[in-house]
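Dear colleague,

Please find below the structure for your review. My findings follow directly after it.

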Amino acid sequence: MAFSRRELLRAGVPLTMVGLAGCSSNGNGGSGGGSTTAPPTQASTTRRQTTQSTTQQSTTQQQQQTDTSDSACESPVEVSGTITEDTTWDCDRYHMTGDVTVANGATLTVDSTVVDTAADTLLSVGDGATLVSTGTAELPTVFRSETHQPGSWKGIEVTAGSVEASFDNTIIRFGGAGGWANVYLQNGATAAFHRCMFDRSSTYGVHAEANTGFTSFSDCSFLDNQSGSMRIPATAIPDLELSTTYTNNNLPGKVVVDNETVTQDATWPAIDRPYVFPDGATIAAGVAVEAGTLCWFGQGSLLSVERGGVLDARGEAASPVRFVGEQTGTPGFWRGIEIVSNDRNSLSNTLVAGGGADGWANVYVQNGGRVSIDNTSLVGSATYGLHAEANTTLSTFEGVGFTRNQQGSMRIPLPSLGRVGPDTVFVDGGGENHIEVTDETVTQPARWNLPDVPVHFPGNGRIRADVTVDPGATFTFAQGSLLSVEQGGSLHAVGGSAADETITFRGDADVPGFWRGIEFVSLSPDNVLDSCEIANGGNGGWANVYVQSSGMATVQNSTLRDSSTAGIIAEDGASLTESGNTFSGNADGPIA
């Protein structure tokens, strides 16, 4: 069928054909093969419902204008082969009968044109060449397959050695054959996109491999791309702008992110669809995550904040930042967030859920790492909501909530216990609601003003600074463990008169001699146990309270029960003040 041409044809602009152009260096779709299996995602919602109809109207206008243009473009211009000189396509319609390769430093300019493509064809740009595709809102440039079926042609490849490609008011449709995409960037290529639509690819609307990126990406839209809107390296996330929409109707409107280490400071914008990290992400620079950002993580993946990196996730009460497993509601689906960096890491108004695979946790702080956590929910870990190892720091810990964490709400160093305040929320949803503290030494003064859940010692605890315990706290101890108040330290635990104000120290099992007890070595007048219950001590010859010869303690108005030795043992030379106590079930009597 013949088509007319427009007067816009520029005389003398050559289109050089050098045989049939082949694929790029990888005929399966880029250096990585292009095609991947997309994980499941949630259904999309439409923010920009008029995009498709507007695009169809623009294309119709373009076809109608064909009838009034100059007869010099009477039929579709058939193109294939290699372009080696600067060339402009500005007739109304072109037909790619085979692959087209732009090479040898040439520039292909495509101006308000419809390019129909034959099956399995590829438009490839490389070897110092570039592509400039420019339309208008009324007459966009359109690249599409002649059959109008997803995956009918491969798409546009921008590859090694190319000069930055530019797309403005351009529509690219029906690509993805052979694992390619509507636009496929690889081998260090860059491109700029403005007011573009990526529509009905059988894979992604845009697939950018490692070491590629966007110099700008704004006011674009994605519609019904079968694997997802985009697949990009983590380093390209900051190039996306909020003006782009990712509507995919019932197809996954996600942006798939490959794990390329972030080495430049960046902001991750809150797009209207999730970022999906199949293999996690690695942060070695400052990354700020905007309020409302949703990040899904693949099975067994990890978000790692290395030394030199900073994760600053600051949501809002109505628009939190979310880091969750892609299979939502499954504890241990991914590993979680690892923080090694000893910098300004912050999780504020953030949800972290579904971590704990392979012994990790929703948030795992190690090797001297530091983090501030506030107004954040840690939910559904297969291990702990928060696991902080020895020599790590919780610089702020306020308003944190825990739900359904299977091994416990948190496991933290004993020196960090003073950071956990009564505003911490523990929801009973099937997990273990307790705070577990690791075997470390308190060397800075602390106040333990604790929430209404037990603090569990799986090993020993050592106090070498002044510690004050507020009323109502409960401490449980593993078999054979000991709480030791050493030289330079003091334990001042004074409960209240109400039943829920008693401070309790007991074995994890209510069995005489289950743990060793509380040892006082320090000679401090601030060693006071008042309105407390101490039970199940005496393991290994110790006692519920054991005052060494060099130690001092005051025990009053307290209950001491079920020791496998005496309720209190005071060695010769010890300074013990005792009054108003109740003793029961102690094998060797009240005091020895």
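I begin with Asn349, which is in contact with Gly315, Glu316, Ala317, Pro320, Val321, Asp374, Asn375 and Thr376, leaving aside its neighbours within four places in sequence. Please bear in mind throughout that this is a predicted model. Asn349 sits in the loop between strand E29 (346–348) and strand E30 (350–353). The relative accessible area of Asn349 is 18%, and buried means under 20%, so this residue counts as buried.

Two other loop residues deserve attention for their backbone geometry. Asn187 has a phi near 55°, a positive value in a residue other than glycine. Its place is the loop between strand E12 (183–185) and strand E13, and with a relative accessible area of 36% Asn187 is partly exposed. Asp219 likewise has a positive phi, near 55°, and is not a glycine. Asp219 belongs to the loop between strand E16 (213–218) and strand E17 (221–223); its relative accessible area is 34%, and it is partly exposed.

I turn next to the strand pairing, beginning with E4, E7, E10 and E13. Strand E4 (residues 107–111) runs parallel to strand E7 (residues 130–134), and five bridges join the two. Within E7, the residue opposite Val110 is Ser133. E7 in turn pairs with strand E10 (residues 165–168), again in the parallel sense, over three bridges; here Val132 has Ser166 of E10 as its bridge partner. E10 also pairs with strand E13 (residues 190–194), in the parallel sense and over four bridges. In that pairing, Ala165 stands opposite Ala191 of E13.

Further along the chain, which strands form an open sheet, and in what order? There are six, arranged as E20-E23-E26-E29-E32-E35, and their pairing is parallel. Strand E20 (266–268) and strand E35 (393–398) are the edge strands, each pairing on one side only. From one strand to the next, the twist averages 10°. Within this sheet, strand E23 (residues 286–289) pairs with strand E26 (residues 310–314) over four bridges in the parallel sense, and Val289 of E23 faces Ala313 of E26.

The aromatic residues form another part of the picture. The count comes to 24 aromatic pairs. One of them joins Phe277 and Phe297: the ring centres are 5.0 Å apart and the planes lie at 15°, so this pair is stacked. Phe277 lies in strand E21 (residues 275–277) and Phe297 in strand E24 (residues 294–297), so the pair ties together parts that are 20 residues apart in sequence. Both Phe277 and Phe297 are buried.

Phe297 has a further aromatic partner in Phe323. How are the rings of Phe297 and Phe323 placed with respect to each other? Their centres are 6.4 Å apart and their planes stand at 40°, so the pair is classed as tilted. Since Phe297 lies in E24 and Phe323 in strand E27 (residues 321–325), this second pair ties together parts that are 26 residues apart in sequence. Phe297 and Phe323 are both buried. Elsewhere, Phe167, Phe193, Phe198, Phe214, Phe217, Phe222 and Tyr246 form one aromatic cluster.

Phe323 appears again in the nonpolar core. The largest nonpolar core holds 121 residues, and those touching the most other members are Phe323, Phe475 and Phe505. Strand E3 (residues 93–102) gives the most to this core, with four residues. As for Phe475, its contacts, leaving aside its neighbours within four places in sequence, are Leu417, Trp448, Leu450, Val455, Phe457, Val469, Ile503, Thr504, Phe505 and Arg506. Phe505 is thus both one of the core residues touching the most other members and a contact of Phe475.

With kind regards

Methods: Residues numbered from 1 in each chain as written. Predicted model: local features only at pLDDT ≥ 70, side-chain atom pairs only at ≥ 80, totals over all residues. Heavy atoms only, no water. Pairing = 2+ DSSP bridges. Axes fitted to C-alpha atoms, helices over the stretch in contact; angles between N-to-C directions. Phe/Tyr/Trp six-rings, centres within 6.5 Å; stacked < 30°, edge-to-face > 60°. Buried < 20%, exposed > 50% of the residue type's maximum accessible area, 1.4 Å probe, protein only. Core = buried A, V, L, I, M, F, W, Y, C linked by side-chain atoms within 4.5 Å. Contact = heavy atoms within 4.5 Å.
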